[in-house]
Amino acid sequence: LHSFPTRRSSDLHIGIEPRWLLVGGLGFMVLSFLVIWQGPSFVALMIFGPIYGMAHGSTIIMTAPFVGNYFSPESYPSIMSVVTPIMTVCVALVPAAAGFFADNLGNYDVAFVICGIGLAVSFVLTFFLAPPRKAPQPVV
């Protein structure tokens with residue numbers, strides 16, 4: 001199980017391209033995020049909170065095969081060494097920014113809208129992403 005995130009979709013033998021798994025995860029994240037933002041009831045929060053968590057986890061797991069399929073497995077360390085520190089800083093700033101908006105505007109709506117737009121844009125862009133191209137095989 002520890003090697004699951006680094007396997008390519010063809011190695012998983014599930015026949016689903018990682019981009020569709022990522023689209024599914026992002027779709028569930030958008031849906032759950034909207035429900036959590038509106039917080040219609042405690043029961044809804046208890047149902048959609050774990051759904052959001054599992055969807056978020058699936059997007060993290062699918063990063064390795066996704067990057068590997070589009071840019072080659074050899075490129076994965078280089079790409080992630082640039083992306084990871086940037087993402088860490090951005091993710092660390094989100095709670096402070098949300099608190100700033102809540103202190104100045106009286107609620108968290110602006111923070112939820114900004115994050116929701118980011119999730120929705122990610123979902124749409126991933127949905128329309130072209131499948132990875134296969135490298136040409138050398139003729140022997």
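1. Fold order. Reading from the N terminus, the elements go α-α-α-α-α-α. That makes six helices and zero strands. Bear in mind throughout that this is a predicted model.

2. Overall numbers. The protein has 140 residues, and 21% of them count as buried. Its accessible surface comes to about 9600 Å², with 74% of that belonging to carbon and sulfur atoms. As for how the chain meets itself, take the contacts between residues at least 6 apart in sequence: 64% of these join residues at least 24 apart.

3. Helix H4. This one covers residues 63-71, and its buried residues are Ala64, Pro65, Phe66, Val67 and Gly68. What do the buried residues of H4 pack against? The partners are H2, H3 and helix H5 (76-105). Phe66 is worth keeping in mind, as it turns up again below among the contacts of Leu22 and of Arg19.

4. Ser72, right after H4. I'd take a look at the backbone here. Ser72 sits in the loop between H4 and H5 and has a positive phi of about 90 degrees, although it is not a glycine. For context, most residues other than glycine have a negative phi. Ser72 counts as partly exposed because its relative accessible area is 23%.

5. Leu22 in helix H2. Leu22 is found in H2 and counts as buried, given a relative accessible area of 11%. Setting aside neighbours within four places in sequence, Leu22 is in contact with Thr59, Met62, Phe66 and Thr126. There is also a C-alpha separation to note: Leu22 and Ile61 are 39 residues apart along the chain, and 9.2 Å lies between their C-alpha atoms.

6. Ser32 and Gly27, also in H2. Ser32 has its place in helix H2. Is Ser32 buried or exposed? It counts as buried, because its relative accessibility is 0%. Beyond its neighbours within four places in sequence, Ser32 is in contact with Phe48, Ile51 and Tyr52. Gly27 is in helix H2 too, but it counts as partly exposed, at 23% relative accessibility. Gly27 and Tyr52 are 25 residues apart in sequence, with a C-alpha to C-alpha distance of 9.8 Å.

7. The Phe33–Tyr52 pair. A search of the whole structure turns up eight aromatic pairs. One of them is Phe33 with Tyr52, a tilted pair with 6.2 Å centre to centre and 40 degrees between the planes. Phe33 lies in helix H2 and Tyr52 in helix H3 (residues 42-61), so the pair ties together parts that are 19 residues apart in sequence. The two partners fall into separate burial classes: Phe33 is buried, with a relative accessible area of 11%, while Tyr52 counts as partly exposed at 22% relative accessibility. The cut-off between these classes is 20%. Tyr52 is thus a recurring name here, since it is also one of the contacts of Ser32.

8. Arg19. Here is an arginine to check by eye. Arg19 lies in helix H2 (residues 18-38) and counts as buried, because its relative accessibility is 8%. What does Arg19 touch, not counting residues up to four places away in sequence? The list is Phe66, Tyr70, Thr126, Phe127, Leu129, Ala130 and Pro131. With Leu129 there is a polar approach as well: a polar atom of the Arg19 side chain lies 2.5 Å from the backbone oxygen of Leu129. I'd look at that distance in the viewer.

9. The nonpolar surface patch. Ile16, Trp20, Val124, Phe127 and Phe128 form a nonpolar patch on the surface, and together they have about 490 Å² of accessible area. An aromatic cluster shares some of these names: Trp20, Phe123, Phe127 and Phe128 make up one cluster. Phe128 itself is found in the segment after helix H6 (109-127). Phe128 counts as exposed because its relative accessibility is 64%. Phe127, another member of the patch, is also among the residues that Arg19 touches.

Notes
Residues are numbered from 1 along each chain as its sequence is written. This is a predicted model: local features need pLDDT of at least 70, side-chain atom pairs count only at pLDDT 80 or more; totals for chains, interfaces and linings use all residues. Side-chain values use heavy atoms; hydrogens and water are left out. Patches are made of residues with over 30% relative accessible area and no salt bridge: like charges are joined within 9 Å, nonpolar side chains (Val, Leu, Ile, Met, Phe, Trp, Tyr) within 5 Å. Accessible areas come from the Shrake-Rupley method with a 1.4 Å probe; for residues, only the protein chains shown count as cover. A salt bridge is a side-chain nitrogen of Lys or Arg within 4 Å of a carboxyl oxygen of Asp or Glu. Helices (H or I, at least four residues) and strands (E, at least two) are DSSP runs, numbered from the N terminus. Buried means under 20% relative accessible area, exposed over 50%, partly exposed in between (1.4 Å probe, protein chains only). A polar contact is a pair of N or O atoms within 3.5 Å; within protein, one must be able to donate a hydrogen and the other to accept it, and residues adjacent in sequence count only if both atoms are side-chain atoms. Contact means heavy atoms within 4.5 Å. Rings of Phe, Tyr and Trp (its six-membered ring) pair if their centres lie within 6.5 Å; planes under 30 degrees apart count as stacked, over 60 as edge-to-face and the rest as tilted.
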